[in-house]
Amino acid sequence: MPVEVILPKVDMDMSHGTLSAWHVAEGELVRQGAALFDIETDKAAMEVESPATGYLHHVTAKEGDRIAVGAVIGWLYAEGEEVGPAPAAAAPAPAEEPAAKPAETVSAPAEIAAPVAQTDKIRATPAARKAAREGGIALASLTGSGPRGRIQGSDVAQALAVYRQPAASVAEWSPQPGPLAVSTRGGEGVPLVMIHGFTADSQSWMPLEKAMGRARPLIRIDLPGHGKSPRRRIASFADLARMLVEAFDDATRAHDQVHLLGHSLGGALALAIADIRARKLTSLSLIAPAGLGPEVDAEALTGIIRASRAESLAPWLRRLTASPDTITDDYARAAMATRRDPELRAAQADMAQSLFADSTQCFDLRPALARLETPAAILWGREDRILPARHALAAGSECAIHRVEGAGHIPQYECPEPVARILARHLAGAEATAG
Amino acid sequence: MTTREISYSEAIREAMAIALDSDPAVILMGEDIGTYGGAFQVTLDLIDRYGPERVMDTPISELGGAGVAVGAALTGLKPIFEFQFSDFAALAMEQIVNQAAKLRYMLGGEASVPVVFRMPAGSGTGAAAQHSQSLEAWFGHVPGLKVVQPSTPEDAKGLLLAALADPDPVLIFEHKLLYKMKGPVPEGAYTTPIGKARIARAGRDVTIVAGAIMLHRALEAAEKLAAEGIDAEVIDLRSIRPIDHETILASVRRTGRLMVVYEGVKSYGVGAEISAMVAESDAFDYLEAPILRLGGAEAPIPYNPDLERVAVPQTDGIEAAARSLVRGEV
């Protein structure tokens, strides 16, 4: 029997993937485990290994095609096996909940080769789960080496070993249990959920909150390893996004509708949340969001993370603003006070390594932006030196773009009044449209 | 203590002789155990040595014979009752399950039933469906009974003497294919503790729990696997009720993989009990693969020798399953 080649589900909320390249031409021999094709999803690109050794035939997908998860895109024939007409797919994945269905291991005794479960749960051994629990690593971030992609204890041990490789001048840190920290402020109307940027915390919204005045309820989420949130291992942006979706869901359970606001990395996360929680959102506001292009001033990020005293922190903070005077020495000292814990800095350094490896934003939210149906506005300081404002041009025709005069990467801090006015208009407009 | 090589059945006979010598309350009962020497020649010449008052042939009624043995035990005797085939214990269920196992409870501890049932069990002798079963799990389900399954001549003797020393009914499942097997057996009296498993071969890659003839097949498979660099730990279960939790759990914590090999029908058997025991314990957290059971086919034991062979786990099957388990193919 020929073996099906299937577009696997590589991400929790993935329904489709784009076939970006075949590594094997039709009729060619491929070995089990060798690279067969590349796929791209909203969040990642990855190589898919061949489920079996054989000759590739009946290829139905070409490069650039967008394909549903679970769809059969080719067949592998064993040496000498007669290639007839294309066989029918053995078990087409149900449309509403497609899942990967790699071929069964041929060598396993029939009585123990269980059919692949159609489930979103992660396949991992109890030992892997225990190791992940104790190591503070998300199983979802790992690739399993076991049968049918099952995560083994050794996979977790390997991943933890990578995390624990001592980076130069980075202290050891250990992950902490518990949910992400959420702080709220009461008020009237549809609440505004706020997600701060990398190396900041919920306190950084203060000037904007003051400028907005007391009106609607606020729900602020601290990123892992930031503010009051526990430190966690972050393997990838998708990993982080999952944590934020979970925190968002928990924090907004009591509300039918919320507005969502994110800054920088928090903007990218807000976009990722909007992508799968569109119905919950009345509006989306992004201040200098990450994820809309590869460039980032990694030097400044590294400088901020590494700084162990106010004097070394201040020059990097001044890169965040259009006018260096905005960052006073007092401000730098106050900022340093919140970053005194070396484990927090080490955790953030590891996070930067995952998210901004090689001075690159290793995640792309442009497809999510293109799909966006929530009323959205992007605010970007004209003099942003951390993320280029031209990234905003990825926005579609219905998304507003505001270039904030006299602001760098943190307009909500540098120019809170105009930012508050823009947000007030945007939120009110979205509520009126929704109403 | 001097040790010599004797067979499994010689070891059992030796244990019975020691008991007959040392305790006048010990008697042997069973069909054809006297002049004929027992269906499998285990009692052999004991009738000549101890006389028909202590080595008693019973009529062809398992229910009657077992009932007399249970009654004798209640009066203070220590009968060793031999079934010709353990399959025939089905005829004596009332006495074993409803009487022997329950009387100490029903009488508030005022009486006990120190009877020993010897149960020749298992397939491989061409004795067909009604004489080849492995029913130890049935009895393992009954509180009040103890159920053991010696795999070696040494344990066959030690467990029989331990059973006689035990105040409650003990069933000893003796695998028919083991009777002729030889092994080192210490001279004189000693006991093998009931409820204690034994690590027959230490290893680090997979735990294989087996008993009776399956222990020897598992050990043989383990040696073959060792040549490939797979290091299997083989545990001789020895006791089915009570079962030795700690030895098995500790082994699984070390190896992260568990396979249970037993001759009884796979479903609802010894393998299910051990699998569940591990799944319910902290050792679960150490598992690196699903637990595997290799048990008998869901069918009566066939008469055809080829079919009889494939109806129960054999060395090659154990070897293949353990290999796929360790290689991460399941």
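Colleague: What makes A:Arg277 and A:Asp249 a salt bridge?

Modeller: A salt bridge is a side-chain nitrogen of Lys or Arg within 4 Å of a carboxyl oxygen of Asp or Glu. The closest N and O atoms of A:Arg277 and A:Asp249 are 2.8 Å apart, so the pair fits that rule. This is a predicted model, in which local features need pLDDT of at least 70 and side-chain atom pairs count only at pLDDT 80 or more, while totals for chains, interfaces and linings use all residues. Residues are numbered from 1 along each chain as its sequence is written, chains are lettered from A in the order in which they are written, and side-chain values use heavy atoms, with hydrogens and water left out.

Colleague: Why is A:Arg277 called partly exposed?

Modeller: Buried means under 20% relative accessible area, exposed means over 50%, and partly exposed is in between (1.4 Å probe, protein chains only). A:Arg277 has 27%, so it is partly exposed. A:Asp249, with 22%, is therefore partly exposed as well.

Colleague: What makes A:Glu343 and A:Arg231 a salt bridge, and is A:Arg231 buried or exposed?

Modeller: Their N to O distance is 3.4 Å, so the pair meets the salt-bridge rule. The pair links distant parts of chain A, 112 residues apart, with A:Glu343 in helix 9 (residues 342–355). Helices here are DSSP runs (H or I, at least four residues), numbered from the N terminus. A:Arg231 has a relative accessibility of 9%, so it counts as buried. A:Glu343, at 25%, is partly exposed.

Colleague: Why is B:Arg204 called exposed?

Modeller: Its relative accessibility is 55%, so it passes the cut-off for exposed. B:Asp205 has 17% and is therefore buried. The side chains of B:Arg204 and B:Asp205 meet in a salt bridge at 3.8 Å, N to O. Both belong to a network of salt bridges that also includes B:Arg201, B:Glu223 and B:Asp231.

Colleague: How do you know that chain A and chain B are in contact?

Modeller: Contact means heavy atoms within 4.5 Å. By that rule, 17 residues of chain A are in contact with 16 residues of chain B. The count of salt bridges between the two chains is one. A:Arg133 forms a salt bridge with B:Asp285, and the closest N and O atoms are 3.4 Å apart. Helix 1 of chain A gives the most to the side of chain A that touches chain B, with five residues.

Technical notes
Helix = DSSP H or I, 4+ residues; strand = E, 2+ residues; numbered from the N terminus.
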